Amino acid sequence: MSKNNSDFFKVKNDWSLIKDKLLGCYLTPYFQKVLATGKTICYVDCFSGKGQFEDGNPGSPIIALQIRDKCLQKTKMRIDKSKAIENTFIDLNYAADLRTNLASYSNYYGIPNIVSGKYEEKIIDILKNKKGQHVFLYIDPYGIRALDTALFDKFQAMGFHSFEMLINFNSFGFLGMHAG
């Protein structure tokens with residue numbers, strides 16, 4: 001049974017601020033480095049939430065899009081900046097809120113793809129045509145007891161140029177173990 005997360009997006013908690021700071025510190029040099037290859041980057045936030053907290057703080061989708069825009073503004077590479085970084089955001093419960101909160105990021109640098117549904121059911125379809133591209137998955141589940149690691153084996157066989165995952169997990173929940 002899922003945990004009730006109805007008040008999760010009211011105020012951004014300190015631990016969420018820290019996680020998003022880590023994402024930003026990681027994603028900036030990643031985009032800068034990988035853009036230099038001239039190959040498309042497929043960035044997927046697998047548990048996106050609303051994209052913004054009710055207190056005005058940005059969530060991981062907005063942080064990723066802000067970093068995308070800054071990196072593409074600074075790059076000296078001669079690339080199609082509208083196709084250089086494809087952004088996909090998956091969320092089961094908040095896709096409508098996410099669409100509203102990301103509307104201003106449909107710009108010269110591309111239109112974010114918002115997918116309503118479960119990561120486990122959507123991710124293979126999202127990645128099936130990404131052979132030869134750089135793929136980056138941000139996996140930060142909330143209210144989940146276990147994550148289907150069998151998907152990781154499928155990713156390995158999909159022929160990406162590079163594949164990177166940044167995963168935040170509660171070790172007991174991720175491993176299917178129970179404390180106590």
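1. A word on terms before the tour: two strands pair if DSSP finds at least two bridges between them. Helices (H or I, at least four residues) and strands (E, at least two) are DSSP runs, numbered from the N terminus. With that in hand, five bridges join E1 to E2, and these two strands run parallel. Asp-45 of E1 stands opposite Phe-89 in E2.

2. Please keep in mind what kind of model this is. The model is predicted, and local features need pLDDT of at least 70, side-chain atom pairs count only at pLDDT 80 or more, while totals for chains, interfaces and linings use all residues. Residues are numbered from 1 along each chain as its sequence is written, and side-chain values use heavy atoms, with hydrogens and water left out.

3. Now the overall plan. The protein has six helices and five strands, and from the N terminus on its elements run α-β-α-β-α-β-α-β-α-β-α. Of the 180 residues, 45% are buried; buried means under 20% relative accessible area, exposed over 50%, and partly exposed in between (1.4 Å probe, protein chains only). About 10,000 Å² of the protein is exposed, with carbon and sulfur atoms supplying 51% of that area (accessible areas come from the Shrake-Rupley method with a 1.4 Å probe; for residues, only the protein chains shown count as cover).

4. How does the chain meet itself? Contact means heavy atoms within 4.5 Å. Among contacts between residues at least 6 apart in sequence, 81% join residues at least 24 apart.

5. The sheet is a good place to rest your eyes. It is open, with five strands in the order E3-E2-E1-E4-E5 and parallel pairing. E3 and strand E5 (162-167) are the edge strands, each pairing on one side only. From one strand to the next, the twist averages 15 degrees; axes are lines fitted to C-alpha atoms, for helices over the stretch in contact, and angles run from 0 to 180 degrees between N-to-C directions. E4 and E5 run parallel and are joined by six bridges, and His-134 has Ser-162 in E5 as its bridge partner.

6. Two helices to look at against this sheet are H1 and H2. Helix H1 (residues 14-35) lies across E1, E2, E4 and E5, running at about 180 degrees to E4. Helix H2 (residues 60-74) also packs on the sheet, where it touches E1, E2 and E4, and its direction makes about 175 degrees with that of E2.

7. Strand E1 deserves a closer look. Five of its five residues are buried. In a regular strand the side chains alternate between the two faces of the sheet. Ile-41, Tyr-43 and Asp-45 are buried on one side of E1, and Cys-42 and Val-44 are buried on the other, so both faces are covered.

8. Which residues of helix H4 (residues 119-127) are buried? They are Tyr-119, Ile-123, Ile-126 and Leu-127. These residues cover an arc of only 80 degrees around the axis, which puts them on the same side of H4; the arc is that of the directions from the helix axis to the C-beta atoms. Their cover includes strand E1 (41-45), strand E2 (85-91), strand E3 (113-116), strand E4 (134-139) and helix H5 (150-156).

9. Two residues in the loop between H2 and E2 are worth finding. One is Thr-75, which is buried with a relative accessible area of 16%. Its C-alpha atom is separated by 7.5 Å from that of Gln-32, 43 residues apart along the chain. A polar atom of the Thr-75 side chain lies 3.2 Å from the backbone nitrogen of Met-77. The other is Ala-84, which counts as buried at 7% relative accessibility. Leaving aside neighbours within four places in sequence, Ala-84 is in contact with Leu-35, Lys-39, Thr-40, Ile-41, Leu-72 and Ile-79.

10. Finally, try Asp-140, in the loop between E4 and H5. Is Asp-140 buried or exposed? Asp-140 is buried, with a relative accessible area of 10%. Its side chain makes a polar contact of 3.3 Å with that of Tyr-138 and one of 2.7 Å with that of Asn-168. A polar contact is a pair of N or O atoms within 3.5 Å; within protein, one must be able to donate a hydrogen and the other to accept it, and residues adjacent in sequence count only if both atoms are side-chain atoms. Not counting residues up to four places away in sequence, Asp-140 touches Lys-19, Phe-47 and Asn-168.
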